Amino acid sequence: MVVQEATVGRRARVGGPRSGIDGLQAALAAGWGLWLQPESVPGRARTVCRPPRGDGGFAVPWAELLSTLAGGAARSGGPVHPSVTAFAALTRTGLEVVADGRVGPVVSDTGYGAWRPGPLVDSEREVARQAALVLAAHGPSPLPYEQALRVAYAWWDELADHLVRTPGAPLLTVPGPFTGTPRYLDPASASWADGLGRDRAETLAPRLVIGPPGETGEEGALRLVVRVEPGAGGGRTAYLEIEEERSLRQTLRAAGAVCPALYDFAHRPEVATSRAKSHPGWEIDPDTALRLREESVVAALGELGMSVEWHPALEHALGARVVAGHGSAAPAHGGGLNLEALCDFRWQLTLDGDELTEEEMDRLAAAARPLARLRGYWVLVDDALRRRARQRPLPELPTGQALVAALSGTLTVDGDPVPCVPADGLAALLARLRAGGAPAPSPAGLTATLRDYQERALRWLTATTGLGLGALLADDMGLGKTITALALHLARRDQYPDAGPTLVVCPTSLVGNWAREAAAHAPDVPVVRHHGPERALPDGEFASDALVITTYGVLRQDLDLLAGRRWGLLLVDEAQTAKNPATGTARALRRLTPDVTVALTGTPVENSLTDLWALLDLVNPGLFGTQRAFERTFAAPIRQRPDHPAAGALRRLTAPFVLRRTKSDPAIAPELPDKLVDVRPVPLSREQAALYEAKTRDTLERVARARGSERSALVLNLITALRQICNHPAHYLGGLDGDEGAEDAEGYDPDAGALRSGKLAALDDLMTTISDRGEHALVFTSYAVMGRLLVRHLTARGHDPLHLDGQTPPDRREQLVAAFQSGAHRAFVITLKAGGTGLNLTRAAHVIHYDRPWNPAAEDQATDRAHRIGQREVVHVHLPVCENTVEDHVAALLDAKRDLAGVIAPGAAQAGTPTFGDLGDDELAALVRLGGLR
């Protein structure tokens with residue numbers, strides 16, 4: 001573009017009219033000074049040459065000015081005016097900066113586009129500071145130093161703009177010619193120019209301080225003040241404050257993308273005084289203030305280095321929560337809790353946590369503006385709060401969700417979680433639930449002495465079932481859940497004489513155990529075994545205190561008969577059997593209609609947290625919502641991150657309904673001996689290694705070519721085969737020395753058998769030591785075939801083992817337990833599925849998991865056959881693992897997966913069998929190859 005020359009103002013005479021460089025030189029030689037008179041638009045400032053005294057002077061074109069100042073100011077005559085020396089120093093420094101390429105487009109202080117030099121170094125800033133000191137003393141009138149410093153910086157801005165601006169761009173502004181009407185640079189262009197970040201000071205920390213209205217009353221706007229914190233170096237000099245001001249304007253313009261009002265503030269002249277406490281601030285409407293309260297807006301401003309603060313007069317915050325529960329609850333032993341009749345839900349607005357009155361909420365509902373005066377305070381009222389004040393009652397919830405919301409302290413409304421607090425009858429009910437019952441004497445008819453933790457469980461069960469609610473007693477295996485449940489039956493008989501009989505549903509293997517425990521500890525209770533081919537229930541009603549024992553299988557077969565009876569209490573033993581609600585067993589249990597249900601299990605979480613939902617839904621149908629909602633709200637977030645806030649919410653939700661104690665609990669640990677776990681790496685034999693390598697190589701080649709279900713089947717076959725090879729070649733190939741499955745040791749060579757399997761040789765060493773010490777061992781295996789091979793081998797070694805598997809009849813099972821407990825046999829070989837629960841084998845001080853279960857919960861359950869109340873010896877758990885095989889690799893994975901059940905009881909073990917179907921080819925190969933994960 002053509003360089004714009006300032007128009008000539010008054011012409012003064014110093015030996016003739018001033019024109020051209022010679023006239024300027026003559027004026028300067030005569031002691032005239034210079035001064036800058038900026039306009040509102042960059043590139044239109046006037047440089048005036050003034051006489052040393054009086055008014056007058058003339059405007060100087062930039063072309064003549066730069067040539068003169070860059071060349072040495074005045075060439076002859078008297079002393080040069082100090083202002084000329086100052087502007088000459090500024091000019092030389094400014095030319096050096098431009099020549100160095102340190103210049104770029106920016107938005108000027110008034111909102112127009114301009115070219116500005118920078119970034120500046122300290123020596124260049126010092127030039128501006130010295131020039132400002134001169135100009136403040138020798139300007140046309142007394143001048144504050146800061147204003148003189150602004151003139152120095154404006155001189156550089158005009159210099160850069162004059163030198164860099166092209167003929168085609170008179171202004172960096174909105175399209176169209178400049179008309180003289182003040183117009184800001186459009187936001188898009190301003191964002192582009194500011195985005196270069198030339199002037200941003202690294203130490204800048206703007207604060208938006210929002211204060212209350214003035215004296216304008218209810219309709220008054222709020223007040224916003226922008227302040228800048230001192231830099232990291234402490235006190236800042238004025239010349240740095242100017243750069244910070246420019247950076248502040250940039251920050252405000254950038255903040256305009258988040259809150260549009262801030263873009264307009266960027267061009268206010270008051271920004272220059274933003275540090276001064278006397279700065280009155282700008283008025284902002286309440287809607288803008290509400291936007292500045294949004295978390296997303298505060299976060300976005302924070303990324304720009306800007307914080308939002310509120311005047312103490314505006315820190316009084318409105319909030320909203322849901323209040324649940326009105327009326328009273330009077331559940332009897334024979335009736336469940338009707339939560340829909342008990343609870344309603346309504347919005348309750350609060351001020352600083354204190355509830356507002358109905359009249360105050362009515363005032364907020366009628367407020368026309370989002371700024372209101374309440375209890376002497378100014379408060380902001382957003383649309384959501386105003387809507388909740390207008391529509392206080394909430395829609396009726398499905399049955400049970402009232403209690404869930406009150407227990408968890410949160411209710412989801414329109415997809416957002418809001419606090420929920422119980423009131424009136426619901427609050428009283430929750431207080432009773434959390435109290436856990438008052439101490440009471442042992443029930444009449446109980447001949448056993450309960451331990452302290454069993455007494456606490458009994459009080460809790462009595463209180464919970466007394467409210468018509470079901471419960472889940474999830475103590476570790478071996479802590480005496482059976483005797484606690486019998487005590488509950490007797491306590492309900494004492495409290496409610498007409499409560500009705502109790503139905504016990506348990507695995508077949510536990511029918512005899514329940515009958516024996518009842519006969520020993522509750523001898524006056526009528527016991528009915530509804531089990532076996534000759535089973536039959538009486539035609540009439542049972543005695544009100546009868547204990548009827550049946551099995552899961554019989555329940556499915558006789559469902560109509562059992563569902564047609566009235567049961568005061570349903571006891572579901574080994575309740576993990578019903579963890580899948582889609583099975584026939586789970587559906588059959590839900591067909592029963594007892595007054596209350598209590599589930600007993602040592603593993604409330606076997607594979608995932610949805611197992612817990614299934615058990616809770618069994619004892620309190622519908623109370624915990626649908627399985628899908630539970631998975632979305634709790635199981636999925638906790639599976640992704642065990643420390644997710646959902647874990648704490650789940651504990652609060654389940655605490656009144658789940659009692660979970662582990663053997664490591666301080667109140668229980670003194671009752672039990674120690675448990676020592678020994679993972680024993682064992683080598684493969686040469687035959688095992690050859691089989692392992694061959695099977696792995698062959699199957700991985702086939703897996704690489706397979707897809708879908710075919711691939712999954714191949715992977716499962718490979719994992720199973722490798723586990724069998726690790727056990728013994730005969731387990732994989734079929735037959736032990738040509739006689740598969742034979743338990744008769746005659747003709748069997750145990751030395752040859754041990755030579756073929758490193759794990760079997762390790763078992764020999766263990767059993768020899770155990771036998772020499774006069775101790776006893778349980779040997780668990782997951783495979784019935786391997787169980788028979790172990791019996792044959794141990795028999796040949798002279799250990800006289802007992803054997804229990806899925807083919808053992810219930811009567812024979814009880815005989816085997818009695819024989820082992822008598823001490824006549826050193827070893828008891830048991831298949832995991834048949835004997836992993838329901839057995840009391842405290843004679844054993846050793847538990848050997850020959851093939852370690854790939855489910856920590858199942859492993860712990862089996863170990864608890866020996867490590868339980870009544871055990872007097874330290875229990876040694878032996879885990880032989882074939883080193884550098886799939887067994888070794890999976891063991892490392894299992895050790896990292898024992899914390900999910902800790903969501904219910906910290907420290908409890910997670911259950912969960914590893915799955916391999918989704919592994920890629922490389923991951924699968926690393927898992928199964930010998931030494932693959934070393």
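Helix α17, residues 481-495, lies across five strands: β17, β18 (502-506), β20 (547-551), β21 (569-572) and β22 (596-600). Its direction makes about 165° with that of β22. Before I go on, please keep in mind that this is a predicted model.

One residue of that helix deserves a look. His489 is found in α17. Is His489 buried or exposed? Its relative accessible area is 4%, so His489 counts as buried. Leaving out residues up to four places away in sequence, His489 touches Thr502, Val525, Asp545, Ala546 and Leu547. Two of those names, Thr502 and Leu547, will come back in a moment, as they are bridge partners.

Now the sheet under the helix. Seven strands make up an open sheet, and the order is β19-β20-β18-β21-β22-β17-β23. The pairing in this sheet is parallel. As a reminder, strands of a sheet pair through backbone hydrogen bonds, either parallel or antiparallel. Which strands sit at the edges? They are β19, residues 527-530, and β23, residues 658-659, and each of them pairs on one side only.

Let me start at the β23 end. Strand β17, residues 471-473, pairs with β23 in the parallel sense, over two bridges. Leu473 is the residue that stands opposite Leu659 in β23.

At the other end we have β19, β20 and β18. β19 and β20 run parallel and are joined by four bridges. His530 has Thr550 of β20 as its bridge partner. On the other pairing, β18 and β20 are also parallel, with five bridges between them. Here Thr502 is bridged to Leu547 in β20, and both residues are touched by His489 from the helix.

How many residues of β20 are buried? Five of the five, so β20 is largely enclosed by the rest of the structure. The side chains split by direction: Leu547, Ile549 and Thr551 point one way, while Val548 and Thr550 point the other way. All of these are buried, on either side.

Next, the sheet at the start of the chain. This one has three strands in the order β1-β2-β3, it is open, and the pairing is antiparallel. Its edge strands are β1, residues 33-37, and β3, residues 58-59, each pairing on one side only. Strand β2, residues 46-50, is joined to β3 by two bridges, and the two run antiparallel. Within that pair, Val48 stands opposite Ala59 in β3. Helix α1, residues 20-29, packs on this sheet and touches β1, β2 and β3. The direction of α1 makes about 50° with that of β2.

Now two helix pairs. The first is α3, residues 82-99, with α4, residues 122-138. Their axes come within 9 Å and cross at roughly 160°. α3 and α4 are therefore roughly antiparallel to each other. The crossing is left-handed. On the α3 side, the contact is made by Pro82, Ser83, Ala86, Phe87, Ala89, Leu90, Thr93 and Val97. On the α4 side, the residues are Glu124, Val127, Ala128, Ala131, Val134, Leu135 and His138. By class, this contact has eleven nonpolar residues, three polar and one charged.

The second pair is α25, residues 686-705, with α26, residues 708-727. These pack at an angle of about 175°, with axes 10 Å apart. That makes α25 roughly antiparallel to α26. Among the residues α25 puts into the contact are Leu691, Tyr692, Lys695 and Arg702. From α26, the list includes Arg711, Leu714, Leu718, Ile725 and Cys726. The classes here are eleven nonpolar, five polar and three charged.

One more residue, this time a buried acid. Asp764 lies in helix α29, residues 758-772. Its relative accessible area is 9%, so Asp764 is buried. What is Asp764 in contact with, leaving aside neighbours within four places in sequence? The contacts of Asp764 are Ala754, His793 and Arg797.

Last, the totals. The protein chain has 934 residues, and 54% of them count as buried. Its secondary structure comes to 35 helices and 29 strands. Of the contacts with a separation of 6 or more, 72% are between residues 24 or more positions apart.

Definitions and conventions. Residues are numbered from 1 along each chain as its sequence is written. This is a predicted model: local features need pLDDT of at least 70, side-chain atom pairs count only at pLDDT 80 or more; totals for chains, interfaces and linings use all residues. Side-chain values use heavy atoms; hydrogens and water are left out. Axes are lines fitted to C-alpha atoms, for helices over the stretch in contact, and angles run from 0 to 180 degrees between N-to-C directions. Angles under 35 degrees count as roughly parallel, over 145 as roughly antiparallel, 65 to 115 as roughly perpendicular and the rest as oblique. A crossing is left-handed if the near helix is turned anticlockwise from the far one by less than a right angle, and right-handed if clockwise. Contact means heavy atoms within 4.5 Å. Ala, Val, Leu, Ile, Met, Phe, Trp, Tyr, Cys and Pro count as nonpolar, Asp, Glu, Lys and Arg as charged, and the others, Gly among them, as polar. Two strands pair if DSSP finds at least two bridges between them. Buried means under 20% relative accessible area, exposed over 50%, partly exposed in between (1.4 Å probe, protein chains only).
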